[in-house]
Amino acid sequence: MLFYSFFKTLVGQQVTVELKNDLAITGLLVSVDQFLNIKLDNIKVVEESRYPHMMAVKNCFIRGSVVRYVQLPAASVDTALLQDAARRERQQQPAGRK
Amino acid sequence: MSDDLRTYADRKVWVFLTDGRTLVGELTGFDQRTNLILTKAEERIYSATEPVKSVPIGVYIIKGDTIGIIGQIDEELESQVDHDNLMVDPIEPLVL
């Protein structure tokens, strides 16, 4: 749930989503859901000459299961807060689950 | 939720599957697991040595776990794409 909440705070930011086949798509983050499916608007494929397949596509839905990385603008990530939230979530988990 | 797909309902979409295939069609149905129903569907076959080939396949039901990308096709941009002269390797499959 933490990463879902985290990605929700990034809605409206410019991000680059790299898929497991090395295809990378840049665009405005429109929405994220609980499966970390990502919706982007105004997309641009990185290395467009190699991947002209999506020329006529302006916005897309990327299934969370095929995402390898999401590149984020560093300025919009509060790492201290994220670390703290991760620790707190760990503490809330029932004992024995490590 | 996959409510996100609601904005694509009844629109023409470009779908990339994890096995590397590309389909185009009208999104007539979907659910929260991203299972899709495409009507007036066609498979787009890309090749570096031949122009893009479109093979009509009718109605297609696609299981959600094989979906990679769903893109909304902008009809205006689509009409500008010269598919008869587009020769390009297919996108690599998404090995899971």
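In the predicted model, Ile73(B) lies in strand E5 of chain B. Ile73(B) has a relative accessible area of 6% and is therefore classed as buried, the cut-off for that class being under 20%. Apart from its neighbours within four places in sequence, Ile73(B) makes contacts in both chains, with Ala56(A) and Val57(A) on one side of the list and Lys12(B), Val13(B), Trp14(B), Val24(B) and Glu78(B) on the other. A further spatial relation links Ile73(B) to Gly25(B), a residue 48 places away in sequence, the two C-alpha atoms being 9.5 Å apart.

Strand E5 of chain B, residues 67-73, is also among the elements that give two or more residues to the largest nonpolar core, a set of 35 residues. The residues with the most contacts inside this core are drawn from both chains, namely Leu19(A), Ile25(A), Leu40(A), Met54(A) and Ile62(A) together with Trp14(B) and Ile69(B). On the side of chain A, two or more residues each come from helix H1 (2-8), strand E1 (14-19), strand E2 (24-32), strand E3 (38-45) and strand E4 (57-62), while chain B supplies them from strand E1 (12-17) and strand E5. The greatest contribution, 4 residues, is that of E3(A). In soluble globular proteins, nonpolar side chains tend to be buried together.

One of the residues with the most contacts inside the core, Leu40(A), touches a series of residues that runs from Ile25(A) through Thr26(A), Gly27(A), Leu28(A) and Leu29(A) to Val30(A), and in addition Val15(A), Val17(A), Asn59(A), Cys60(A) and Ile62(A), when residues up to four places away in sequence are not counted. Separate from this core is a second one of 14 residues, which includes Leu23(B), Leu27(B), Ala41(B) and Ile70(B).

Considered as a whole, chain A contains 2 helices and 5 strands, arranged along the sequence in the pattern α-β-β-β-β-β-α. Its C-alpha atoms fill a box of roughly 50 × 25 × 20 Å along the principal axes, and 42% of its 98 residues count as buried. Of the contacts in chain A between residues at least 6 apart in sequence, 44% join residues at least 24 apart. An unreviewed UniProt entry places the feature "domain: Sm" at residues 2-76 of chain A; over these residues the chain is 9% helix and 45% strand, with its end C-alpha atoms 16 Å apart.

The largest pocket, with a volume of about 170 Å³, is lined by Leu2(A), Ser5(A), Phe6(A) and Thr9(A), and by Ser76(A), Asp78(A), Leu81(A), Leu82(A) and Ala85(A). At least two residues of this lining are supplied by each of H1 and helix H2 (79-92) of chain A, and by class the lining comprises 5 nonpolar, 3 polar and 1 charged residues.

The model also holds 1 cavity of 30 Å³ or more, and the volume of the largest cavity is about 70 Å³. Its lining consists of 14 residues, of which His53(A), Ala56(A), Arg44(B), Glu78(B) and His83(B) are the closest to the centre. Two of these, Ala56(A) and Glu78(B), are also contacts of Ile73(B). The lining of the largest cavity divides into 10 nonpolar, 2 polar and 2 charged residues.

Note on methods. Residues are numbered from 1 along each chain as its sequence is written. Chains are lettered from A and ligands numbered from 1 in the order in which they are written. This is a predicted model: local features need pLDDT of at least 70, side-chain atom pairs count only at pLDDT 80 or more; totals for chains, interfaces and linings use all residues. Side-chain values use heavy atoms; hydrogens and water are left out. A nonpolar core is a set of buried Ala, Val, Leu, Ile, Met, Phe, Trp, Tyr and Cys residues joined through side-chain atoms within 4.5 Å. Buried means under 20% relative accessible area, exposed over 50%, partly exposed in between (1.4 Å probe, protein chains only). Contact means heavy atoms within 4.5 Å. UniProt positions are given in the numbering used here, feature names are shortened, and annotations may be inferred rather than shown by experiment. On a 1 Å grid over the protein atoms alone, a cavity is a set of points where a 1.4 Å probe fits but cannot get out, and a pocket is an open set with protein on both sides within 12 Å along at least five of seven lines; lining residues have an atom within 4 Å of a point. Grid points are joined across faces, edges and corners, and a volume is the space filled by probe spheres set on the points. Ala, Val, Leu, Ile, Met, Phe, Trp, Tyr, Cys and Pro count as nonpolar, Asp, Glu, Lys and Arg as charged, and the others, Gly among them, as polar.
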